[in-house]
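Reader: I have a model open and would like to talk through its geometry with you. Could you put it up so that we are looking at the same thing?

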Amino acid sequence: MHLSRVAQSISESVTLKLNATAAALRKAGEPLIHLGGGEPVTLAPAAAVKNAEELFRSRAIRYAPASGLPDMKAAVVDYTQRFYGHPITPANVLISSGAKQAIAMALTAIVDPGDEVVFAAPYWVSYPEMVKLAGGLPVVVEAGDGGFVPSLADFEAKLTEKTRAIIINSPSNPTGAAFERELMQGLFARCEERGIYILMDDIYHRLVFDGFEPPNPFTLASDNSESSKLVVINGVSKSYAMTGYRIGWAVAAAPLVKVMGVIQGHQTSGPSSLTQLAAIGAIAEGDPDVAALVAKLQENRDLLLGKLQAIEGVKVVPPKGTFYCFADVSAIEPDSSKLAAMLLEKVLVAAVPGVAFGRDGHLRISTCGSAEDITEGCRRLAWALDPNAGATLEIAGKTLHRDG
Ligand SMILES: Cc1ncc(COP(=O)(O)O)c(C=O)c1O
C-alpha cells in the first residue's frame, strides 16, 4: 500500500488510543479505573442543551458558515472581553471543530515546508504531529533544570532563522505547570522582535487552582493591531465539560483569521451549527458550572497528590491547573510505556506513559474523574508500584497475588 510521507511520519494519539482501550475493557465488564482521561465527568451546562434543543427538534440542521455562526463569534467576542478584558470584533474570531482544529488551521495558515515550530517538553501529544501535518518541523525545548517549564534562555537557544511559531500551553497538559508572567513577557518580547507567531493554547486558562492567575496573553503583546502575530486558542471542551460537542476557536488578527476560515472551508466546512448553539448557551450561562468544576478538580488534585506522595519512589509537583498530575516514577521504572502496560494488565488502572509527552519515567494521572475512582485507582497503584505493600490485592472480589 502506498502511503504519503506525511502519513508515514505521523504517530497515533496515545491518549485517544488509551481511551479506546479503556472503553473496550469497560464494555467487556472489566473493573477498570481510567486515570488517563482528559475530560471531566460532569455534565454540560443546562443552557447548552436548552439553546440547541429547538434547532435539534426542527430536524433542519444545515451547513453553518465556514468560519462559524455570527452569534457564536459574538459569544467569543463577549468571552474575550469578560475573561481577558480585551476588545475584539467578530472578524478576529474563527470557530472550529474543537481547539484542536483551530490550532491546525493556524499552523496550516502560517507554516511553510521546513519552518520550525517551537514548544516546551513535556508537551501535549498532538503538537509534534500537528506541526508535521502542516509541513513544519517540531522543535522541542527541554528545561535545563530538568523541570517542567524551560527558562527564557532554554527557549532562546532553540530560536533560529527558521522559527515560524512558538506554541505555549499554560497551564500545561500533561504537567499542570504554568509559565510565570516574567517568562511569558520575555518570550513575547523575543517573538515580537523576531516576527515569530505566538500560538497561545489557553484551553485550560480557567481551570486553575489556589487563586493562580495565568498571565493574560493580550496584555503581554505589545502589538494587538491587525498585524499582530498572536493567536489565542480556546474552546468549550474542557472548562464547560463539552468535549464531545467539538467547538473551539482562535482569536487573531483579522487577515489571518480570514485565511484560516478559507482553509477550514475546504477542509471540513464550518463546525456543526447544533453544537455552536450549545456553546453559545454555555458561554452565556455556564459560569457556575465552570466554578463548580474548578472546585471539584482542586479537591481531586489534593486527594490525588496526597495518595501519590504516600507511595514510595513516586515524586509529584503540585499542578497549578488542568486535569493532570505528571508523576515522576523513574525511581520505580524508567520505561513509562512498560509501566503503564503493566498497570493496565495487572491492576486494571489506565494512566498515560510520559514518553508520549516527550518525558519518559513519568505517568500522567488525571484528576477529572470521580473521587472514588482516584481513591480506588491509587489503592491499586500503591500496591502495584510498591513491592512492600502486601502480598495480595482484592479487585472486585478477585484476589491478585504479587507473585502470581
Ligand atoms: C493542550 C490541549 N490543547 C487542545 C486540546 C484540544 O481540545 P478540543 O477538544 O477543543 O479539540 C486539548 C485536548 O486534550 C489539550 O489538552
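Reader: In which sense, left-handed or right-handed, does H5 pass H6?
Author: The crossing of H5 past H6 is right-handed, where right-handed means that the near helix is turned clockwise from the far one by less than a right angle, and left-handed means that it is turned anticlockwise by less than a right angle. Before going on, I should say that this is a predicted model, in which local features need pLDDT of at least 70 and side-chain atom pairs count only at pLDDT 80 or more, while totals for chains, interfaces and linings use all residues. Residues are numbered from 1 along each chain as its sequence is written.

Reader: How are you defining helices and strands here, and what are the angle and the distance between the axes of H5 and H6?
Author: Helices (H or I, at least four residues) and strands (E, at least two) are DSSP runs numbered from the N terminus. The axes of H5 and H6, the latter covering residues 126-133, come within 9 Å and cross at roughly 40°; axes are lines fitted to C-alpha atoms, for helices over the stretch in contact, and angles run from 0 to 180 degrees between N-to-C directions. H5 and H6 are therefore oblique to each other, given that angles under 35 degrees count as roughly parallel, over 145 as roughly antiparallel, 65 to 115 as roughly perpendicular and the rest as oblique.

Reader: Which residues make that contact?
Author: H5 contributes Lys100, Ile103, Ala104 and Leu107, and H6 contributes Ser126, Met130, Val131 and Leu133, with contact meaning that the C-beta atoms, placed from the backbone, lie within 7 Å. By class, the contact of H5 with H6 holds six nonpolar residues, one polar and one charged; Ala, Val, Leu, Ile, Met, Phe, Trp, Tyr, Cys and Pro count as nonpolar, Asp, Glu, Lys and Arg as charged, and the others, Gly among them, as polar.

Reader: And H4 with H11, at what angle do they pack?
Author: Helix H4 (residues 70-84) packs on helix H11 (residues 273-285) at an angle of about 25°, and their axes are 9 Å apart. That makes the pair roughly parallel, and the crossing of H4 and H11 is left-handed. On the H4 side the contact uses Asp71, Met72, Ala75, Asp78 and Tyr79, which meet Gln276, Ala279, Ile280, Ile283 and Ala284 of H11. Those residues divide into seven nonpolar, one polar and two charged.

Reader: Switching to the sheets, what is the strand order in the one with seven strands?
Author: The seven strands run E2-E8-E7-E6-E5-E3-E4 in an open sheet with mixed pairing, where two strands pair if DSSP finds at least two bridges between them. Strands E2 (93-96) and E4 (137-141) are the edge strands, each pairing on one side only, and the twist averages 20° from one strand to the next. Helix H5 (residues 99-110) packs on this sheet, touching E2, E3, E5, E6, E7 and E8, and its direction makes about 40° with that of E8.

Reader: How do E3 and E5 pair, parallel or antiparallel?
Author: Strand E3 (residues 116-120) and strand E5 (residues 163-169) pair in the parallel sense over four bridges, and glutamate 116 stands opposite threonine 163 in E5.

Reader: What about the open sheet of three strands, what order does it have?
Author: Its order is E9-E12-E11, with antiparallel pairing. Strand E9 (324-328) and strand E11 (352-353) stand at the edges with a single partner strand each, so one side of each is left without a neighbour in the sheet.

Reader: Which peptide bonds are cis?
Author: The bond from alanine 121 to proline 122 is cis, with omega near -5°, and proline 122 is in the loop between E3 and H6. Another cis bond joins serine 170 and proline 171, with omega about -5°; proline 171 lies in the loop between E5 and helix H8 (181-194).

Reader: Last topic, the ligand: how many residues surround it, and which are the closest?
Author: 13 residues surround the ligand, and the closest are Gly98, Ala99, Lys100, Asn173 and Ser237; a residue is near a molecule or strand if its C-beta atom, placed from the backbone, lies within 6 Å of it. By class, that shell has three nonpolar, eight polar and two charged residues.

Key:
Contact = placed C-beta atoms within 7 Å.
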